[in-house]
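Q: I am new to this structure. Please take me through a single part of it, step by step.

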Amino acid sequence: HDKFPCVPVIVMTAPGDEDVAAKALQLGAVSFIPKSQLADELAELIEMQAETFEAVRDRSIALGYRASSSLHFVLPNETRMIGPVVSFLDETLSVHLGLGREDANLFQVGTALGEAVLNAVHHGNLEIESELRERDIQAYLDLAKERAQLAPYSERKVYIDVTIDRDSATFVVRDEGEGFDVSHRPDPKNPDNLTRASGRGLYLISTFMDEVRHNESGNCITMVKRFSGPATS
């Protein structure tokens, strides 16, 4: 990471290495994957990070789409849209906050935002349970593809509101699903949840963002990233 700061780092761990993975994420890694999930998820994870990295590397793209400090997106239930939107927002942050392209904060914010939007699509709008992914990832992906074409799931949208000020950024991601009981969510700060499909995304979000909160109905998450100091949560 010191020699090649522009290259995002993905940590691969064996069972029992959850604390090591948690520490690596805090030190600048952008994501984590257990060895047991390599065959199913590594290619998708690398592709998502590569798309983000390539757009971040080309600063001229951001200059061409320079935006105000407030942005609003309305996305369909298509996961292929996550990478381009996250890339654009990373570059917007870089321009507005004067961050270098190699700043690990950009990759970490991108990872957290990507996880939040993916959760909004799969678990919010398409109403797919995380436990299915743990049992049978192919069945999980097949159901996501099926529901993306089936009403009322296909008619729902994901809304992203972004506010950027001098030293922080606030991201609000909302879906149109039924929501969930926030009190029953996995502990987002427990490293054991890194190996669980139902807790990994929330752990990454909690690690990379300074403030995270859900609304009462569980269909909206607000994330705050401060750039004036280290994360506090």
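How many bridges join E3 to strand E4, and which way do the two run? Please start there, then take a close look at the sheet and what surrounds it.

A: The model is predicted. Six bridges join E3 to E4. E4 covers residues 158-164, and the two strands run antiparallel. One facing pair is easy to find: Phe-73 stands opposite Ile-160 in E4.

Now widen the view. E3 and E4 belong to an open sheet of five strands. Read across, the order is E3-E4-E5-E7-E6, with antiparallel pairing. Strand E3 (70-75) is one edge, and strand E6 (211-214) is the other. Each of these edge strands pairs on one side only. From one strand to the next, the twist averages 10 degrees.

A helix packs on this sheet. This is H5, residues 104-125. H5 touches E3, E4, strand E5 (168-175) and strand E7 (220-226). The direction of H5 makes about 15 degrees with that of E5.

Next comes the nonpolar core. The largest one has 45 residues. Leu-93, Ile-160, Phe-171, Val-173 and Met-223 touch the most other members. Ile-160 is the residue that Phe-73 faces. H5 gives the largest share of this core, eight residues.

Look at Met-223 by itself. Leaving out residues up to four places away in sequence, Met-223 touches ten residues by name: Ala-112, Leu-113, Ala-116, Ala-169, Thr-170, Phe-171, Val-173, Ile-205, Met-209 and Glu-211. Two of the core residues named above, Phe-171 and Val-173, are in that list.

H5 also takes part in a cavity lining. Rolling a probe the size of a water molecule over the atoms shows where empty space is left. The count comes to one cavity of 30 Å³ or more. The largest cavity holds about 60 Å³ of space. Met-48, Gln-49, Thr-52, Val-86, Phe-107, Gly-110 and Thr-111 line it. Helix H2 (38-57) and H5 are the elements that give two or more residues to this lining.

Finish with two loops. One lies between helix H7 (137-147) and E4, and Pro-152 is found there. A cis peptide bond joins Ala-151 and Pro-152, with omega about 5 degrees. The other loop runs between H5 and helix H6 (130-135), and Glu-127 has its place there. Phi of Glu-127 is near 55 degrees, a positive value in a residue other than glycine. Is Glu-127 buried or exposed? Glu-127 is partly exposed, because its relative accessible area is 28%, which falls between the 20% and 50% cut-offs.

Conventions
Residues numbered from 1 in each chain as written. Predicted model: local features only at pLDDT ≥ 70, side-chain atom pairs only at ≥ 80, totals over all residues. Heavy atoms only, no water. Pairing = 2+ DSSP bridges. Helix = DSSP H or I, 4+ residues; strand = E, 2+ residues; numbered from the N terminus. Axes fitted to C-alpha atoms, helices over the stretch in contact; angles between N-to-C directions. Contact = heavy atoms within 4.5 Å. Core = buried A, V, L, I, M, F, W, Y, C linked by side-chain atoms within 4.5 Å. Buried < 20%, exposed > 50% of the residue type's maximum accessible area, 1.4 Å probe, protein only. 1 Å grid on protein atoms, 1.4 Å probe; cavity = no way out; pocket = protein on both sides within 12 Å on 5 of 7 lines; lining within 4 Å. Points joined across faces, edges and corners; volume = space filled by probe spheres on them.
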